[in-house]
Every structure is written in C-alpha cells, then in structure tokens.
Amino acid sequence: MGRAGATSHPPTMFVRAAAMTSALRGAARAFTTASAAPVSRAVPLTVAATVGVAGLSLYSLPSVQLEGPRTIAGEYQTANERSFIMIKPDGVSRQIVGKIVDRFESRGYKLVAIKSVVPSEQLAKEHYSDLASRPFFPSLVKYITQGTPVIAMVWEGKDVIRQGRRMVGATKPLEADPGSIRGQYAVSVGRNIIHASDGFDSATKEIGLWFNESELASYEPCTWGQIMADN
C-alpha cells in the first residue's frame, strides 16, 4: 500500500550511480587512441582524478590504451606499415627476382629498401633464431649462407605484413594457393623461394637486423594517394 506524500523519484543511491556512470563514460571519451594499435603493443595509462558526483568522489578512472611506439617497421595497420621480404638463394639462382618484385609493385606496395647480400653464418642464425631448436636448423643456415646472395627488401603499405604472407603463400609449396609466389614457382619446402615477416614484431626485428634506419627511403610515389585512400 502506498505511503502518503511519496514521490515517483528513484532512490538517491540510483541517482548517484547513474551520475557516476555518466562521468566515467565522459572521462573515457576524453582519452582516445590516435590509431588502432594491437593491444600487445599498447601502453596502459591509469588516470587518477577526483570527480564530484552527487556528493561522491572518484579517485580512479578506467585504464585506457594509448598507441604503441613507432618502430623501424612503421606503424601497425596504417599506410606506412612495413614488412621484410627476402628472396632466398634458390629464387635468385632461378632468376625470378624481377617477377617477384613486380608482384608487390603491381599490388601497389612501395619498395623502400633493397640490397643483395651473402649472409654470414651469424646473420643467418639471428634471422632464424626462433627455429634454433629444430633438427633442420643447421642445414637451413648452411643453405642460406651457401654463397649465392639473397635479396633483402622492405615493402611499405596498408596491411603489407598480412598481405605479403598471403602473396607468398603457405610454407609448404604443395599446400600454397596456385596464385601465390610459392604456389607458382616452388615445390619443395626446403626450396620455397621466399621469406616474409609473419607479424609486426618479427618485421621490426628482421628489418632492424638486415637494414640500418638510414637505408630506408622516405618518399611518396605519384599514385600513392590513389592506392592507399579509403575514399
């Protein structure tokens, strides 16, 4: 049974809770990221503040993620993202370097560094350090350092790391799509033509291992805006 003089207003505790939620949402909107960086590379920031809401004080606001630092591999998921691509000795011996370069240029990606290198044993071991425990590691290092040069390259453009892997094809050429580089030119996993960075962290490591920052060109092709624009 209702009480005389009762109002339809919600209890004070609900008014305060609603005000607190509104303040938190407003604070969260005030701190945004400049670009969509992966969470693993984000830098957490806890904002300490005192906000008066319906007689209450808030001493900590939600933690927000700021974009991670720019590396030698550019910025992840932007038009200046970079990937390391290496044509292996078998690709060089078969004289298909130009055809592989044409694949990336025709797609619209920008070549910012390229050089012919006969890798040292130390360089090969550092490059393939994640495979050091595998039984084929010694033969892999021997193959890469056989004396035939490799072509080390850095390509730049939107989603180039992921797209570069798709263009290269599966590690085992017999499982690679026919339109991929390995699907067209390779048969054996031991002679699979080409290497491509498999993520932003590996691109950062590999570009830094094979190139100095001064070797990476900064320029904009005349068609760059048309190729990379979303609209």
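**Entry 1: Met86 and its strand**

I began at Met86 and looked across to the neighbouring strand, where Ala152 in E7 stands opposite Met86. The model I am reading is a predicted one, so I kept an eye on confidence as I went. The two strands concerned are E5, residues 82–87, and E7, residues 150–156, and I found them paired in the antiparallel sense over 6 bridges.

I then asked which strands make up the sheet as a whole, and in what order. The sheet is open and has 4 strands in the order E6-E7-E5-E8, with antiparallel pairing. Its edges are strand E6 (110–117) and strand E8 (194–196), each of which pairs on one side only. From one strand to the next I noted an average twist of 15°. Helix H8, residues 200–210, lies across E5, E6, E7 and E8, and it runs at about 60° to E5.

**Entry 2: Ser83**

Staying in strand E5, I looked up Ser83, which is found there. Is Ser83 buried or exposed? Its relative accessibility is 0%, and because of that value Ser83 counts as buried. Setting aside residues up to four places away in sequence, I listed what Ser83 touches: Met153, Val154, Trp155, Val160, Ile161, Ser197, Ala203 and Ile207.

**Entry 3: His195**

Next I turned to the edge strand E8, which is the place of His195. The UniProt record, an unreviewed entry, carries the annotation "active site" for His195. I checked the accessibility of His195 and found a relative accessible area of 13%; the cut-off for buried is under 20%, and His195 is therefore buried.

Which residues is His195 in contact with, leaving aside its neighbours within four places in sequence? They are Phe84, Ile85, Met86, Lys88, His127, Arg182 and Glu206. Met86, where these notes began, is thus one of the residues in contact with His195.

**Entry 4: Helix H3**

I moved on to helix H3, residues 97–107, whose buried residues are Ile100, Val101 and Phe104. Why do these three lie on the same side of H3? They cover an arc of only 100° around the axis, and that puts them on the same side of the helix. As a general point, an α-helix has 3.6 residues a turn, so residues three or four places apart point the same way.

On the face of H3 turned away from the buried side I found the exposed residues Gly98 and Ser106. What covers the buried residues of H3 includes the strands E5, E7 and E8, together with helix H6 (160–168) and helix H7 (181–185). After H3 comes Gly108, and its phi is positive, near 115°.

**Entry 5: The protein as a whole, and where I read with care**

Stepping back, I counted 9 helices and 8 strands in the protein. Of its 231 residues, 38% are buried. Among contacts between residues at least 6 apart in sequence, 75% join residues at least 24 apart.

On confidence, the protein averages a pLDDT of 81, and 70% of the residues score at least 70. Two stretches gave me pause. Over residues 1–8 the pLDDT stays under 50, and the model has 0 contacts for them beyond four places in sequence. Over residues 10–67 the pLDDT also stays under 50, although here the model has 61 contacts beyond four places in sequence.

Technical notes: Residues are numbered from 1 along each chain as its sequence is written. This is a predicted model: local features need pLDDT of at least 70, side-chain atom pairs count only at pLDDT 80 or more; totals for chains, interfaces and linings use all residues. Side-chain values use heavy atoms; hydrogens and water are left out. Two strands pair if DSSP finds at least two bridges between them. Axes are lines fitted to C-alpha atoms, for helices over the stretch in contact, and angles run from 0 to 180 degrees between N-to-C directions. Contact means heavy atoms within 4.5 Å. UniProt positions are given in the numbering used here, feature names are shortened, and annotations may be inferred rather than shown by experiment. Buried means under 20% relative accessible area, exposed over 50%, partly exposed in between (1.4 Å probe, protein chains only). The arc is that of the directions from the helix axis to the C-beta atoms. pLDDT is the predictor's confidence in each residue, from 0 to 100.
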